[in-house]
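Q: Please take a close look at one part of this model, beginning with the contacts of its side chains and continuing to the sheet. Kindly explain each term where it is used.

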Amino acid sequence: MRKRLRKTLSGRIPQEVLSHVYNSYDIVGDIAIIRLTEASREYRRIIAEAIMSIHKNVKTVLAQISPVQGDFRLRRLEFVAGENRTLTVHRESGCLFSVDVAECYFSPRLFYERMRVARQVRAGETVVNMFAGVGCFSIIIAKHSAVKKVYSVDVNPAAFHFMRENVRLNRVCEKVIPILGDAKKVVREKLRHVADRVLMPLPEKAFEYLPHALFALKDKGERWIHYYDFEHAKKGENPLEKVRLRVAEKLESLGAACEVPFSRIVRTTGPNWYQVVLDIKIER
Ligand SMILES: C[S@@+](CC[C@H](N)C(=O)[O-])C[C@H]1O[C@@H](n2cnc3c(N)ncnc32)[C@H](O)[C@@H]1O
């Protein structure tokens, strides 16, 4: 698609600007979210029309005008072309997700991770999703495994609103329990020692919240934490090993021993920066 965007734009914007057009963009439901450089900004409508001509299902193009920021992990968006709205329905792995992309975090790029984790959930498990957003991991787990319950926590009232709507939309009300609040407080007050598996899909806070993840886990049995983090690694360094060492040391200080049978780089987030996931098995 990248090559196709540049090819479609060729002849419609100056040749020297072409190399300043970002190659990648997200498509959430029927909304495309692009990023603009200083040089390409002037041509945003042409870029948006090219994207709509490539992806016939895209009805709206928005430009991201700030980094993802704040507790709710939101980005500021500016309308560029098509229908002026931020509400859409995204389809992923046989599930539907209603989302307002201006009010809630949503990344279609995590689709592989969501199914990868769902495939590991065993029959009868209880899962705590500490940073659930509009409920993607939770609902995909409910749809694709024989999970007993998924407690699905988010602190953003808008994400909670859409999570509830998505639970209804996907008919998983029996399995997914949306909870509004800070995961730290929710775990302490309502979810002590209930979980076989804890999801921590918020790299900015996962390390800080590790003690609370441990607190959510049952006292015995096979217990897992899916831990997401960012790491910097220079040439010759292994970002996965750096995170593994940091987490193992932290867990050790909390009195837990662990094994990390699987880890992977989810994506590159900048020069020498990586988003990683560790599947952590708690041994004691
Ligand atoms: C990266 S998003 C989660 C992505 C989501 N799991 C998915 O698959 O789309 C992080 C979410 O954590 C929520 N969040 C941030 N701090 C929180 C906290 N202390 N407790 C609970 N949720 C929190 C944000 O509102 C945001 O929706």
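A: The charged end of Arg35 sits over the ring of Tyr22, 4.0 Å from the ring centre. A second such arrangement involves Arg246, whose charged end sits over the ring of Phe207 at 5.8 Å from its centre. Here "over" requires NZ of Lys or CZ of Arg within 6 Å of the ring centre and within 35 degrees of the ring normal.

The model is predicted: local features need pLDDT of at least 70 and side-chain atom pairs count only at pLDDT 80 or more, while totals for chains, interfaces and linings use all residues. Residues are numbered from 1 along each chain as its sequence is written, and side-chain values use heavy atoms, leaving out hydrogens and water.

Across the whole structure, three aromatic pairs are found (Phe, Tyr or Trp rings, the six-membered one for Trp, with centres within 6.5 Å). In one of them, Phe131 and Tyr209 meet edge-to-face (planes over 60 degrees apart; under 30 is stacked, the rest tilted). Their centres are 5.5 Å apart, with 70° between the planes. This pair links distant parts of the chain, 78 residues apart. Phe131 lies in the loop between strand S7 (126-129) and helix H5 (136-144), and Tyr209 in the loop between strand S10 (197-200) and helix H8 (210-216). Helices (H or I, at least four residues) and strands (E, at least two) are DSSP runs numbered from the N terminus. Both Phe131 and Tyr209 are buried (under 20% relative accessible area with a 1.4 Å probe, protein chains only; exposed is over 50%, partly exposed in between).

Turning to the sheet, four strands form an open, mixed arrangement in the order S1-S2-S3-S4, where pairing needs at least two DSSP bridges. Strands S1 (26-28) and S4 (77-82) are the edges, each pairing on one side only. Neighbouring strands are turned by 25° against each other on average, direction ignored. Helix H3 (residues 44-54) packs on this sheet, touching S2, S3 (60-64) and S4 (contact: heavy atoms within 4.5 Å). The direction of H3 makes about 60° with that of S4 (axes fitted to C-alpha atoms, for helices over the stretch in contact; N-to-C angles from 0 to 180 degrees).

S1 pairs with S2 (residues 31-34) in the antiparallel sense over three bridges, and Val28 has Ile31 of S2 as its bridge partner.

Val28 is also among the residues touched by His90, including Ile27, Gly29 and Phe106. His90 belongs to strand S5 (residues 87-92) and counts as buried because its relative accessibility is 10%. The side chain of His90 reaches the backbone nitrogen of Gly29 at 2.8 Å.

Notes. Polar contact = N/O pair within 3.5 Å; in protein donor to acceptor, adjacent residues only side chain to side chain. Lists of a residue's contacts leave out its neighbours within four places in sequence.
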